[in-house]
Amino acid sequence: MNPESNPIIVLDFGAQYSKLIARRIREAKVFSLILPYTTTAGELRAYNPAGIILSGGPASVHAEGAPLLDSAVLNGDLNVPILGICYGAQLLAHMLGGTVEAAEKREYGIAHLEHSDTTGFLQGVQERTQVWMSHGDKITRLPEGYQRLGETENCDNAVIANPAARQYAVQFHPEVVHTPEGKQILANFAHHICGCKSEWQMENYVSSAIEGIREKVGDKKVLCGLSGGVDSSVAAVLIHKAIGDNLTCVFVDNGLMRKGEPDLVDRVFRENFHINLISVDAVDKFLDALHDISEPEQKRKIIGGLFIEVFEEEADRLGHMDFLAQGTLYPDVIESISPTGGPSVTIKSHHNVGGLPEQMNLDLLEPLRELFKDEVRALGHELGIPDELVWRHPFPGPGLGVRCIGEVTKDRLDTLREADAIFIEEIQRAGLYGDIWQALVCLLPVRSVGVQGDGRTYEEVCSLRAVTSEDAMTADWFRFPPDVLERVSNRICNEVPRINRTLYDVTSKPPGTIEWE
């Protein structure tokens with residue numbers, strides 16, 4: 001049986017963490033998909049789902065225009081298990097005749113769940129365990145047929161269930177790392193409640209993805225924007241395995257790349273995979289377009305638009321191309337737009353999502369759009385891509401254009417490139433590269449007075465940033481040994497002529513994002 005033929009569907013009610021729910025289900029080796037909360041029971045039936053999860057969301061069930069579920073989903077029409085999380089739990093109770101009220105004491109952050117479950121839903125979970133809450137409403141009266149399975153200090157109905165109907169609800173968020181046994185709870189839902197087997201693995205995804213690409217593309221031509229980063233590299237190799245020489249990769253040297261990037265891309269893809277590769281020198285075009293542009297969203301839109309323009313020019317020059325392939329991932333999508341039509345909030349545009357023009361001459365092909373970064377790395381390993389690419393830190397689509405804070409010029413980019421190379425070199429030398437999710441240098445739009453060579457200097461300031469993360473949805477700043485930071489600062493200030501001061505960014509995500517712009 002194809003493990004993707006009976007997915008667990010996550011209905012998105014606008015939660016920033018909907019993607020984490022899908023991720024946790026996949027970690028249980030069960031395929032999952034995310035659809036908008038507006039999806040009808042009839043539309044869901046076409047997916048032949050093994051189960052349905054209702055995500056959290058920012059609304060109250062009593063608010064005007066609150067997102068609701070097709071009632072046919074709840075009346076047993078689909079005959080599949082349902083799990084409500086946070087807002088999804090309140091929505092289940094509200095639509096089935098229970099009562100949801102504003103809590104006297106809101107519950108945000110760590111709480112402790114106590115349960116005595118015998119249904120299998122909390123099987124293997126300690127009777128007292130930490131969970132993470134984020135809600136202002138609470139369920140005060142259960143719907144008919146429901147029973148309480150667990151409570152926290154401030155929430156009597158933290159876990160409720162109607163085992164006969166195979167409907168379960170939790171007020172906390174099992175998908176986040178702050179609920180240590182949340183993975184177990186979601187795995188229980190997938191395996192014990194929905195009856196799914198542990199069949200979805202990366203090798204299965206490779207074969208199905210290749211089949212899907214062949215079905216979509218046929219004998220048409222694909223142009224792939226290759227940046228040298230993990231995402232576009234994996235996308236290129238996957239597509240090449242599907243359609244061979246009908247793929248042409250274009251590497252655009254836009255002047256916003258890391259030090260040595262063009263040489264690395266050329267070596268890996270020509271020597272390892274023998275992929276058709278065209279290198280385009282577009283440095284002047286990009287720098288001219290970015291002249292006097294400092295606003296981050298403007299930068300991203302300009303860079304994204306120029307990428308498409310260059311690709312379409314290459315497509316015309318090559319004769320005819322039908323598809324533009326990109327390495328778009330789930331975190332890119334959720335931060336740029338609501339991929340499901342739900343009410344989630346735009347955080348920032350990504351060049352390969354929010355920067356696309358409304359009219360394009362090429363259809364989009366995004367084979368990684370449903371994957372998280374760690375899944376892409378696993379896919380890259382499965383495809384035989386060298387570790388030097390698979391395990392590289394993430395790099396934003398707009399490149400150094402959004403790390404050169406403020407004005408983007410060739411001189412500032414060259415300065416930033418050198419500082420970035422030193423930072424990464426010292427992290428690798430200290431044996432810390434694999435412990436860090438992403439490390440970067442930002443060149444700030446400020447100058448500081450310094451003393452170098454017994455003389456006064458008035459030069460630029462850079463900020464070092466390194467974070468740990470599982471999926472880029474949340475991140476914490478990395479605790480460097482002081483001597484490593486000291487070496488990095490000394491080298492940058494001594495070896496990069498236009499910098500005389502370095503800072504270290506200790507902001508987590510949230511409230512910040514990983515990149516500055």
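In this predicted model, strand β13, residues 323–325, is joined to β14 by 3 bridges, and the two strands run parallel. One of the pairings places L324 opposite L364, its bridge partner in β14.

These two strands belong to an open sheet of 5 strands. The order across the sheet is β12-β11-β10-β13-β14, with parallel pairing. The edges are taken by β12 (276–281) and β14 (363–365); each has a single partner strand, so one side of each is left without a neighbour in the sheet. From one strand to the next, the twist averages 30 degrees.

Helices pack on this sheet. Helix α6, residues 202–217, touches β10 (222–225), β13 and β14. The direction of α6 makes about 170 degrees with that of β14. Helix α10, residues 296–318, also packs on the sheet, and its contacts are with β10, β11 (247–253), β12 and β13. Relative to β11, the direction of α10 makes an angle of about 135 degrees.

A further packing involves two helices. Such a pair is described by the angle between the axes and the distance between them. Helix α1 (residues 18–27) packs with helix α5 (residues 182–193) at about 70 degrees, and their axes are 9 Å apart. Angles of 65 to 115 degrees count as roughly perpendicular, and α1 and α5 are therefore roughly perpendicular to each other. The crossing of α1 past α5 is right-handed. On the α1 side the contact is made by R24, I25 and E27, and on the α5 side by K183, L186 and A190. By class, this contact of α1 with α5 has 3 nonpolar and 3 charged residues, and no polar ones.

Note on methods: Residues are numbered from 1 along each chain as its sequence is written. This is a predicted model: local features need pLDDT of at least 70, side-chain atom pairs count only at pLDDT 80 or more; totals for chains, interfaces and linings use all residues. Side-chain values use heavy atoms; hydrogens and water are left out. Two strands pair if DSSP finds at least two bridges between them. Helices (H or I, at least four residues) and strands (E, at least two) are DSSP runs, numbered from the N terminus. Axes are lines fitted to C-alpha atoms, for helices over the stretch in contact, and angles run from 0 to 180 degrees between N-to-C directions. Contact means heavy atoms within 4.5 Å. Angles under 35 degrees count as roughly parallel, over 145 as roughly antiparallel, 65 to 115 as roughly perpendicular and the rest as oblique. A crossing is left-handed if the near helix is turned anticlockwise from the far one by less than a right angle, and right-handed if clockwise. Ala, Val, Leu, Ile, Met, Phe, Trp, Tyr, Cys and Pro count as nonpolar, Asp, Glu, Lys and Arg as charged, and the others, Gly among them, as polar.
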